[in-house]
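Biologist: Could you take me through the surroundings of the ligand, slowly and in detail? I would like to see which parts of the chain build them.

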Amino acid sequence: MIESPLLEKLTGYIGGRWTDNEHGNTFDVYNPATGKVIAQVASMSEDEVNAAVASGKSALRLTSPYSIETRRKWLEDIRDALKANKEEVGRILCMEHGKPLQEAQGEVDYAAGFFDYCSKHIQALDAHTIPEKPKDCTWTVHYRPIGVTGLITPWNFPIGMIAKKLSAALAAGCPSVIKPASETPLTMIALFSLMDKHTDIPDGMVNLVMGKASVIGKVLCESPDVPMLSFTGSTEVGRKLIVDTADQVKKLALELGGNAPFIVFDDADLDAAADNLIANKFRGGGQTCVCANRIFVHEKVADAFGEKLAERVNKMTVGDGINGDVDLGPLINQAGYDKVKRHVQDALEKGATLVAGKKPEDLGNDLFFPPTVVHGVNRDMYCYQEETFGPLVPMALFRTEEEVIEAGNDTEFGLASYVFTNDAERAQRVAAGLRFGHCGWNTGTGPTPEAPFGGMKASGIGREGGLEGLFEFVEAQTVPRGF
Ligand code: ADP
């Protein structure tokens, strides 16, 4: 079992207090590197989730709002607490998610960056008077907190994803009811321990509920006291939330699946492209929605690029992330592992060739999937159609710019994309043609606190990060003043 000063309680947190879990229902949390149970965490009832919403409602202040200075202090205090406890939070994250320790600790820094960004830009949420005087009135625009928000996060960035949502919600003055994924609730509990000990956030502003998604989702979708949900996860669940909240016309911020194209032109710096692809593709074990999923390589450089990839991939180490110097940890669970295996098997059966990695029949019985590269992929293969969410690099060929833009867009998703070329004009054309919220030019880097990030098409609604993200949790209210 995991021991940590940040995990003294393994229950929910409602109205400024840890819940007592009187009914005794729990669920198990596993370390994917060892397969062992490391904690048993309270699974909350519908009544408890309702209590969390009620407690959020009691903390919402409309007529005497929390000042900008007060809200800035909450954000700064969370940032500082995360930075001061980066090693321990990162250790907990590593043990429940499996990503290498350094990467896990880096995620804590990344999370602190969102609180920092919002604290520095919160003034943008102050009211302002517009210079024009339509209808002979003086118009003031106020940014009101939308109300109690449900924040639902996935397991692939146990601290990063909540940081994006919570920083903007607190900046807006919105209370929240937070639900982490059941695979990774411990990092969230650690965050609540830090907020409990190191901040003056009022009781009821932040509430933690864990357990059955169906029970928690139902309350959050049906309660008229929750006017907004911010969700990161699968497109399938995102669609369900749209349907389940349609009656009340709730505001939804959705960051859903991706199927990122990574395009390498024949004039690109192939070493830089290969280095960037490795860093991008194997982050979090390949289990991120911005990981390159379809690698389109110009036919003139495909063999050379494949060799560069194989050379790098063959040097990668796979193992328990807690041991420090590994490049790749385990996949999150058996279902995740089986999906990657199915994608590799399907691609090989349909004519792709294995450039690096193991054949499906040679794989072991744990959750450690070797980094794998296949060549000769086409649109009939699962790995082209679906997000693999694992350490598989599927390469496909292309000949022309028009053809590769069309192929890149040949998916219902539109989250991240990447283009490698030394021709600036071509890069601008390709970026504009790709219907993706993010298009890296000669870089495989993902979202940062300073820039808006989000999806087009079935990859979602809304943006996180940047000023756009800061404004997600407010309602603009205009107050024209007549004389
Ligand atoms: P993933 O495939 O990354 O696990 P999911 O969409 O299944 O993505 O889950 C993302 C988050 O949404 C998790 O916290 C999960 O528990 C939660 N979730 C799943 N189903 C629902 C639902 N019906 N209502 C609310 N939250 C849900």
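Modeller: Happy to; here is a walk around the ligand. This is a predicted model, in which local features need pLDDT of at least 70 and side-chain atom pairs count only at pLDDT 80 or more, while totals for chains, interfaces and linings use all residues. Residues are numbered from 1 along each chain as its sequence is written, and side-chain values use heavy atoms, with hydrogens and water left out.

There are 15 residues around the ligand, where a residue counts if one of its heavy atoms lies within 4 Å of the molecule. Those that come nearest are T153, W155, K179, F231 and S234. By type, the shell holds eight nonpolar, five polar and two charged residues; here Ala, Val, Leu, Ile, Met, Phe, Trp, Tyr, Cys and Pro count as nonpolar, Asp, Glu, Lys and Arg as charged, and the others, Gly among them, as polar.

Now for the polar contacts, pairs of N or O atoms within 3.5 Å. T153 takes part through its backbone, with a polar atom 2.7 Å from a ligand oxygen. K179 uses its side chain instead, where an N or O atom is 2.8 Å from an oxygen of the ligand. S234 also offers a polar side-chain atom, at 2.7 Å from a ligand oxygen. On its own the ligand has 560 Å² of accessible area, and the protein covers 77% of that (Shrake-Rupley method, 1.4 Å probe).

As for secondary structure, α7 (213-222), β10 (228-232) and α8 (235-245) each supply at least two residues of the shell (DSSP runs, with at least four residues for helices and at least two for strands). The most come from α8, which gives three.

Conventions
A polar contact is a pair of N or O atoms within 3.5 Å; within protein, one must be able to donate a hydrogen and the other to accept it, and residues adjacent in sequence count only if both atoms are side-chain atoms.
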